[in-house]
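Let's take a walk through the pockets of this model and see what sits in them. Have the structure open as you read.

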Amino acid sequence: MAEPRDTDVTIGVCYYPEHWPEAMWADDARRMRATGIRRVRIGEFAWSRLEPRPGHYDFDWLGRALDTLHDAGLEVVLGTPTATPPKWLVDAMPDMLPVDARGRPRGFASRRHYCFSHAGYRRECARIVTALATRFGKHPGIVAWQTDNEYGCHDTVLSYSHEALVGFRHWLKERYGDIHLLNEAWGNVFWSMEYRDFAEIDLPSGAVTETNPSHRADFHRYSSDQVAAFNRVQTGIIRALSPGRDILHNFMTFFLDFDHYAVMKDLDIATWDSYPLGSLDVFPGETAHKAAFARTGDPDMQAFHHDLYRGAGRGRFWVMEQQPGPVNWAQYNTDALPGLVRLWGLEGFAHGAETISYFRWREALFAQEQFHAGLNMPDNTPDRALFEVEQLSADLKALGPLGAAAPARAALVFSYEAAWFLRVQPQGRNFNYVEPVFAMYRALRRLGLDIDIVGPHADLSPYALVLVPSMPHVPDVLAAALATFEGTLLVGPRSGSRTASHRIPDNLAPGPLAEVLGVKVTRAESFRSYSAVPVRYDNETFAFDRWREFVEPAPGTEVLAESEDGHPALTRCRRAYYLAGGADGALLERIVERLAREAGLSVCALPAGLRTRRRGPWRFVFNYGPAPVDISPYFTDRDFVFGAPMLAVGGVAVSRFSDGP
Ligand code: GAL
């Protein structure tokens with residue numbers, strides 16, 4: 001192994017000094033450093049200790065904790081405590097609680113018990129953040145601030161409170177100006193839903209049956225805007241009082257309830273919380289797939305979020321919380337295979353992370369997260385993950401500076417609004433946004449490609465291949481980018497099928513993409529997976545397993561795949577392909593491989609558990625699979641630093657890459 005060298009990335013940990021006797025802090029800090037940890041996040045749930053009574057701040061303990069960590073050479077990320085308003089505050093302002101769709105307030109006694117729309121709560125947040133940033137803003141140990149914690153966790157973005165109602169009416173008035181324009185945009189003549197004044201509009205809940213999807217789409221937009229505005233209150237204060245520090249927030253797995261690109265406008269770094277095993281258990285998927293990856297996590301799920309948040313962070317992202325062992329919150333909380341804590345860390349770095357931070361330093365002795373592993377056991381004995389983090393630190397030293405994530409030539413266009421539109425009118429129970437997006441991502445990654453996930457406003461010119469899995473409303477800027485895009489393009493079903501206000505476009509789907517794609521969609525159907533529609537492609541039979549569209553190709557548009565009953569399934573107009581249904585994984589893989597080759601990308605089909613990503617001069621290879629793999633047939637690189645050619649289960653190989661997979 002090479003001599004230890006300086007690295008340009010850091011390992012971090014989440015720490016709760018308020019949970020442990022002060023006498024332990026200095027030793028904790030010393031041991032963190034000895035493990036190779038350089039960053040530590042603290043404070044994000046500590047409001048009741050920072051302000052035990054209204055207006056009575058007790059910041060001295062936090063000052064001592066900061067000094068102790070700083071003196072040990074640690075860099076601190078200070079969390080604002082606004083995800084956990086204390087009891088006295090809720091009692092003083094009970095209408096700050098979020099309200100569920102049935103009108104029931106969601107009470108105190110856990111966390112995130114606030115409504116994003118509540119002006120009084122925003123003022124309280126501004127007050128505590130101002131006090132904290134005034135006292136600690138220039139502390140030399142603080143390198144960054146985290147606003148709040150996991151916006152929207154526990155289903156808290158949509159709140160049906162009185163404040164939300166007032167805010168929503170105001171927001172609609174700003175958006176439409178005139179009530180007649182809103183009636184027109186929503187189509188309220190249908191079922192006599194017309195309003196005479198913005199003050200007559202309710203939140204979209206409690207009606208006899210389904211409310212207007214346009215109404216619900218706008219409520220999603222409004223609620224998302226509240227998250228961004230709530231966050232902005234804090235960032236403005238921190239920027240003024242704590243200059244030179246980064247501001248970040250920790251986002252979640254497959255979480256679509258607000259527009260993360262909008263929130264990121266006020267932040268410097270996107271961070272996310274990576275729980276590969278908990279997430280695998282909680283998200284939909286085939287039992288056999290879950291069984292195969294129960295102790296490693298899905299081979300693409302972590303990578304997907306690294307790429308998503310690298311894009312949202314304009315190149316800058318961290319993992320703020322990395323799973324160290326069993327968690328407490330999934331339906332079943334499986335332990336990881338030995339080596340996976342290290343693998344997940346290296347994979348994050350391979351995708352460009354600046355910091356991977358583990359949750360948490362020591363398993364808690366009390367309260368909700370008993371059973372959730374840490375780097376240390378509750379009695380302070382080092383747990384297995386601690387040794388894997390030590391190994392990760394040694395790996396980083398062996399590699400030296402990693403440089404930037406290698407530029408990708410393939411991009412996937414991602415949109416939060418698309419998720420809301422498909423949610424307000426799914427038209428088939430099994431049609432959601434995440435599954436087709438993730439299936440396309442997996443199809444790309446199985447080919448060994450580096451991938452960017454970009455928002456609908458991105459510049460697409462650097463890419464040779466662009467995939468748009470589904471985009472019901474195509475914003476003008478995306479329509480323009482796709483019209484001039486010179487690479488290979490694949491657009492998935494339902495794209496361009498709605499206007500901004502959730503109406504059907506006058507020219508039918510794909511609306512503004514009609515010219516680019518050379519098709520018109522005349523009808524759509526959804527079905528249960530047992531009624532899958534067989535699709536012939538490349539002399540083989542695949543399937544549309546949840547959705548299909550009947551399309552009329554324009555003159556000059558080629559039909560490349562057909563359903564067995566004779567309808568176009570995949571069309572091509574110049575270099576733009578349209579996929580007229582919800583394709584099964586095998587069909588997607590086949591199509592994506594063809595397009596990647598056509599786009600001139602160098603691809604190789606990797607086995608199910610083997611994955612790769614390049615950063616700086618390095619190729620990283622990860623084995624999520626059930627058996628050791630000889631990786632030499634797949635990669636031309638020979639200069640391995642560790643892990644090859646036989647890559648163990650849960651192993652990572654790193655080589656200097658020559659070219660292509
Ligand atoms: C995250 C959260 C942490 C902790 C962790 C447990 O969602 O941000 O505070 O609860 O889960 O896995």
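A word on naming before we start: helices (H or I, at least four residues) and strands (E, at least two) are DSSP runs, numbered from the N terminus. Keep in mind that this is a predicted model, where local features need pLDDT of at least 70, side-chain atom pairs count only at pLDDT 80 or more, and totals for chains, interfaces and linings use all residues. Residues are numbered from 1 along each chain as its sequence is written, and side-chain values use heavy atoms, with hydrogens and water left out.

Start with the largest pocket. A pocket here is an open set of points on a 1 Å grid over the protein atoms alone, where a 1.4 Å probe fits, with protein on both sides within 12 Å along at least five of seven lines; its lining residues have an atom within 4 Å of a point. The largest pocket holds about 1,300 Å³ of space, counted as the space filled by probe spheres set on the points, which are joined across faces, edges and corners. Its lining has 45 residues, and Phe45, Arg111, His154, Gln368 and Glu369 lie nearest the centre. Helix α2 (47–50) and helix α10 (276–282) each supply at least two of the lining residues, with α2 giving the largest share, three residues.

So what fills this space? The ligand takes up the largest pocket, in the sense that more than half of its atoms lie within 2 Å of the pocket's grid points. Around the ligand, with a heavy atom within 4 Å of it, you'll find Phe45, Arg111, Asn149, Glu150, Asp273, Tyr275, Glu321, Trp329, Phe359, Glu369 and His372. Look for side-chain N or O atoms that pair with ligand oxygens: Glu150 has one at 2.5 Å, His372 at 2.7 Å and Asn149 at 2.9 Å. Taken alone the ligand exposes 310 Å², and the protein buries 95% of that; these areas come from the Shrake-Rupley method with a 1.4 Å probe.

Now move over to the second largest pocket, with a volume of about 1,100 Å³. It is lined by 41 residues, and Glu435, Phe438, Ala439, Arg442 and Arg546 lie nearest its centre. Two or more lining residues come from each of α11 (287–292), α16 (434–445), β15 (540–553), β19 (581–583) and α19 (585–598). Helix α16 gives the most to this lining, with eight residues.

Definitions and conventions: Polar contact = N/O pair within 3.5 Å; in protein donor to acceptor, adjacent residues only side chain to side chain.
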